[in-house]
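Student: I would like to learn how to read a protein structure, step by step. Could you take me through one?

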Amino acid sequence: MSGSQVREAARARRTREVREHGPGPGHAPLAALLGQDETCVDVYRLVIAEPGWPADRIAGRLGLTEGEVRSALDRLAGLSMLYRAGSRDIAAVSPEVGLAAHIRRRESEILAQQRELAAVEACAAELTAVYAAQRARHGNQGMELLEGVGEVRAYLSEVARNVDGELRAFLPGGPQSPEDLAASRPLDEWMLRAGVRLRTVYLDSVRNDRSSTEYAQWLARLGGEIRTIPSLPLRMLIADRSTALLPLDPEDSGAGAVVLRAPGVIDALLALFDFVWEQAVPFETGRPPATEGPSQQELELLRLLERGLTDEVAGRKLGLSLRTTRRMMSGICSRLGARSRFEVGVLAERAGWL
């Protein structure tokens, strides 16, 4: 019988023994404890049962190769479970002695893991308690959802009637219709006469609209303040430094809005407004001063196009029609002497515009 046939017969015998009698008490747990496979346990058991057997004979009995047995013997020796005086003199060491240090080390590792897990659980419980307390304390006070145009308009009317200090607003989207401007005049006048400070930032494009210009002049006479800037980050309204109204979808004004009251969020939005307000140009001074270089609106158009936006999308962000956007871009090309969009970017950068 060949060696491979002997090993195969031994494996079959071992399989029958396991099926009939099981692997022996603690077989799998002991392998896990040792951090080894079950081959080590099989070899150790046979060394105990048949002291003095050499590696080749152990291999034949267990259906393993001699190399597999020698590897297992080396691992067992490393765990102090075997005594080897020579290649053929192998004796088992009592597990009480050989495994004592190993067991203590594993116990220490398990204890450390248990302590770490307990610390994580305690931290999670603490955070859960803080979260629950905050939710119970504030409820829905930190945020309120307004669904649809009707609810938004009703809320804006309520804000206008109740504000008593200051109202700040970003109004992107270009000129408003004459009807919308006329509808807002009574509330604006009521707030200004009540001593409310109104500060609004529009896009520069409203300066090209007659109705917007007339409205701005009328508002300025009553004490309102209007400034313009090439682009705005979002539509926003902040009342009395305590409540902010933002759109749910910046691209769809009909989707509704969200009312925010969390102090941290309000502080951040106030800082954003103040930063933009300082950059904007007062409406009553007329158009932003002309220079030999590009206007702020032209610079913003170049930046938007450089980001990969189309003429249509860039124009919408600036409150301009597609026709006006393309006319402005044509003027930029002419002043730079550019023959293509790619060349515009290169020449604008060389000129120090970007």
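Tutor: We will go from the whole chain to its sheet, and then to some single residues and a pair of helices.

Student: What kind of model is this, and how many helices and strands are there in the protein chain?

Tutor: Please keep in mind throughout that this is a predicted model. The protein chain has 15 helices and 10 strands, and of its 354 residues 34% are buried. One can also ask how far apart in sequence the touching residues are: among contacts between residues at least 6 apart, 67% join residues at least 24 apart.

Student: How should I read the sheet, and which strands stand at its edges?

Tutor: A sheet is read by going from strand to strand in the order in which they pair. Here an open sheet of 8 strands follows the order β3-β9-β8-β7-β4-β5-β6-β10, and its pairing is mixed. The edges are formed by β3 (143-146) and β10 (281-282), each of which has a single partner strand, so that one side of each lacks a neighbour in the sheet.

Student: What does mixed pairing look like, for example around β4, and in which sense does β4 pair with β5?

Tutor: For each pair of strands, we look at their directions and then at the residues that stand opposite each other. β4 and β5 are paired in the parallel sense, with 6 bridges between them, and in this pairing alanine 169 has threonine 200 of β5 as its bridge partner. β4 and β7, by contrast, run antiparallel and are joined by 4 bridges, where arginine 168 has isoleucine 238 of β7 as its bridge partner. Isoleucine 238 also stands opposite alanine 244 in β8, and β7 and β8 are an antiparallel pair with 3 bridges. On the other side, β5 (residues 197-203) pairs with β6 in the parallel sense over 5 bridges, and arginine 199 stands opposite glutamate 225 in β6.

Student: How many residues of β4 and of β6 are buried?

Tutor: To judge how covered a strand is, we ask of every residue in it whether it is buried. Strand β4 (residues 166-171) is mostly covered, with 5 of its 6 residues buried, and strand β6 (residues 225-229) is mostly covered as well, with 4 of its 5 residues buried.

Student: Is threonine 200 buried or exposed, and which residues does it touch?

Tutor: Threonine 200, in strand β5, counts as buried because its relative accessibility is 11%, which is under the 20% cut-off. Leaving out residues up to four places away in sequence, threonine 200 touches Ala169, Leu171, Glu225, Ile226, Arg227 and Trp277.

Student: What can I learn from another threonine, such as threonine 213 in helix α10?

Tutor: Here a polar contact of the side chain is worth reading. Threonine 213 is in helix α10 (residues 210-222), and a polar atom of its side chain lies 2.9 Å from the backbone oxygen of aspartate 209. Apart from neighbours within four places in sequence, threonine 213 is in contact with Val206, Arg207 and Phe283.

Student: How do I read a positive phi, and where is aspartate 240 found?

Tutor: Most residues other than glycine have a negative phi. Aspartate 240 is not a glycine, yet its phi is positive, at about 55°, and this residue is found in the loop between β7 (236-239) and β8 (243-247). Arginine 241 lies in that loop between β7 and β8 too, and its phi is likewise positive, near 55°. As for accessibility, aspartate 240 is partly exposed at 26%, whereas arginine 241 is exposed, with a relative accessible area of 52%.

Student: Finally, how do α3 and α4 pass each other, and which residues make the contact?

Tutor: For two helices, we ask for the distance and angle between their axes, and then for the residues in contact. The axes of helix α3 (residues 38-49) and helix α4 (residues 55-62) come within 11 Å and cross at roughly 115°, in a right-handed crossing. Asp42, Val43, Leu46 and Val47 of α3 make the contact with Ile58, Arg61 and Leu62 of α4, and by class these are 5 nonpolar, no polar and 2 charged residues.

Definitions and conventions: Residues numbered from 1 in each chain as written. Predicted model: local features only at pLDDT ≥ 70, side-chain atom pairs only at ≥ 80, totals over all residues. Heavy atoms only, no water. Axes fitted to C-alpha atoms, helices over the stretch in contact; angles between N-to-C directions. Left-handed = near helix turned anticlockwise from the far one by under 90°. Contact = heavy atoms within 4.5 Å. Nonpolar A, V, L, I, M, F, W, Y, C, P; charged D, E, K, R; others polar. Polar contact = N/O pair within 3.5 Å; in protein donor to acceptor, adjacent residues only side chain to side chain. Buried < 20%, exposed > 50% of the residue type's maximum accessible area, 1.4 Å probe, protein only. Pairing = 2+ DSSP bridges.
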